[in-house]
Every structure is written in structure tokens, then in C-alpha cells.
Amino acid sequence: MFLRIEKGSAAPISRQIAHQIASLCAAGKLKPGERLPSVRELARDLGVNQNTILRVYERLSGDGLLEMRQGQGTFVADGARAQASPGQRTRLLDELRQIARQARSLGLSSEQIHELLSIALGELDEQAANDLAENLS
């Protein structure tokens, strides 16, 4: 599992990790039933505290994306690829509000903000298509 931490990011490390794992689940790159690295392994690989990874796993388990099994490890939950949970939607809405405030402080209109979002979504779709083409070749 490839995760990347941006140390200079304003987003907390735990949020970065949680977002990336949720994105991998949503994209189907982590399949239901797939075992995730142990808390200790992932913390060592990313160079973060074990408690950070534990909090991420607990949060994503609470959101229904992961399943923590005592003595067995942490697994992608069945239906993890289904729609975002209410907790995920709430966090996404909070992040979008922050982005909207930042855009307004830069003097952007609603139309300009929508245009930028469309560009970003288009880039994501293009990247997903390229990733799929690479996997098929």
C-alpha cells in the first residue's frame, strides 16, 4: 500500500493518511477483505507515531471502511467501496467549506470556484483513465 505524507501540508498527518486509505477503497485499489499493514508496520513505513495510525484505523472503522479484528489485523470492510459514510460526508463538507472560504478570500466568484472544481475533477478523471490504461497494458 503506497501512502505519502506531505510534512509541509496544513492537513494533519492523520487526516492525510485517512483520506488516502479512503480514496484507495473508493477507487477499488484496496478490495473488501484485503488486510492492511499492522499499526506498527505502517507507522514504521511512514515514520509516524503508532497512535496516529491506530486513530486512523479506528476512525475509518467507525466510518465503516475498515474492520479491526482482535488478534488478526485490520481489513477493508465489505461494502467499503459503496457510498461515502455520513462521517466521511461531514468531513468532506467541512473541507469544502474551508476551500470555499479560501477562494472567497482570494476574490473568486461562485462561477470561478465551480470552474476550478470542474477542472480538478476533469484532471482526476483523466488520471483515473490513464491509471486504468496502464493496468491493462
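**Around Leu-30 and helix α1 in a predicted model**

Leu-30 is found in the loop between α1 and α2. This description rests on a predicted model, and the loop residue makes a good starting point for a walk through it. Is Leu-30 buried or exposed? With a relative accessible area of 6%, Leu-30 is buried, because buried means a value under 20%. Not counting residues up to four places away in sequence, Leu-30 touches Met-1, Ile-21, Leu-24, Cys-25 and Val-76. The partner Val-76 sits 46 residues from Leu-30 along the chain, yet the C-alpha atoms of the two are separated by 7.0 Å.

The wider setting comes next. The secondary structure of the protein comes to five helices and two strands, and these follow one another along the sequence in the pattern α-α-α-β-β-α-α. Along its principal axes, the C-alpha trace spans about 50 × 40 × 30 Å. Of the 137 residues in the protein, 25% are buried. The protein exposes about 9500 Å², and carbon and sulfur atoms supply 52% of that area. How much of the contact network links residues 24 or more positions apart? Among contacts with a separation of 6 or more, such pairs account for 50%.

Helix α1 covers residues 13-26. How far apart should the ends of its 14 residues be? At 1.5 Å a residue, the helix should span 20 Å, and its end C-alpha atoms are indeed 20 Å apart, so the expected and computed values agree. The buried residues of α1 are Gln-16, Ile-17, Ala-18, Ile-21, Ala-22, Leu-24 and Cys-25. A general point about helices helps in reading such a list. An α-helix has 3.6 residues a turn, so residues three or four places apart point the same way. The cover over the buried residues of α1 includes the helices α2 (39-46), α3 (50-62) and α4 (86-105), together with the strands β1 (66-69) and β2 (73-76). Three of the names in the buried list, Ile-21, Leu-24 and Cys-25, are also among the residues that Leu-30 touches. His-19 is found in α1 as well. At 49% relative accessibility, His-19 counts as partly exposed, because this class runs between 20% and 50%. His-19 and Leu-3 are 16 residues apart in sequence, and their C-alpha atoms are 10.0 Å apart in space. After the helix comes Gly-28, whose phi is positive, near 80 degrees.

Helix α3 offers two residues that meet α1. One of them is Thr-52, which is found in α3 and is buried with a relative accessible area of 12%. Leaving out residues up to four places away in sequence, Thr-52 touches Ile-13, Ser-14 and Ile-17. The other is Tyr-57, also placed in α3. Is Tyr-57 buried or exposed? At 0% relative accessibility, Tyr-57 counts as buried. The contacts of Tyr-57, with residues up to four places away in sequence not counted, are Ile-21, Leu-36, Pro-37, Ser-38, Val-39, Leu-42, Leu-66, Met-68 and Thr-74. In the case of Ile-21, the two residues are 36 apart in sequence and 9.4 Å apart in space, C-alpha to C-alpha. Ile-21 is thus a shared name here, being touched by Tyr-57 and by Leu-30.

Rings and charges give another view of the structure. How many aromatic pairs does the structure hold? The number is zero. A charged residue does lie over a ring, however: Arg-69 is placed over the face of Phe-75, at 3.9 Å from the ring centre.

Further along the chain, Arg-104 is found in helix α4. At 48% relative accessibility, Arg-104 counts as partly exposed. With neighbours within four places in sequence set aside, Arg-104 is in contact with Ser-109 and Ser-110.

A database record adds a label to part of this picture. In an unreviewed entry, UniProt lists residues 11-79 as "domain: HTH gntR-type". Over residues 11-79 the chain is 51% helix and 12% strand, and the end C-alpha atoms of this stretch are 27 Å apart.

Technical notes:
Residues are numbered from 1 along each chain as its sequence is written. This is a predicted model: local features need pLDDT of at least 70, side-chain atom pairs count only at pLDDT 80 or more; totals for chains, interfaces and linings use all residues. Side-chain values use heavy atoms; hydrogens and water are left out. Helices (H or I, at least four residues) and strands (E, at least two) are DSSP runs, numbered from the N terminus. The expected span of a helix is 1.5 Å times one less than its number of residues. Buried means under 20% relative accessible area, exposed over 50%, partly exposed in between (1.4 Å probe, protein chains only). Contact means heavy atoms within 4.5 Å. Rings of Phe, Tyr and Trp (its six-membered ring) pair if their centres lie within 6.5 Å; planes under 30 degrees apart count as stacked, over 60 as edge-to-face and the rest as tilted. A charge sits over a ring if NZ of Lys or CZ of Arg is within 6 Å of the ring centre and within 35 degrees of the ring normal. UniProt positions are given in the numbering used here, feature names are shortened, and annotations may be inferred rather than shown by experiment. Accessible areas come from the Shrake-Rupley method with a 1.4 Å probe; for residues, only the protein chains shown count as cover.
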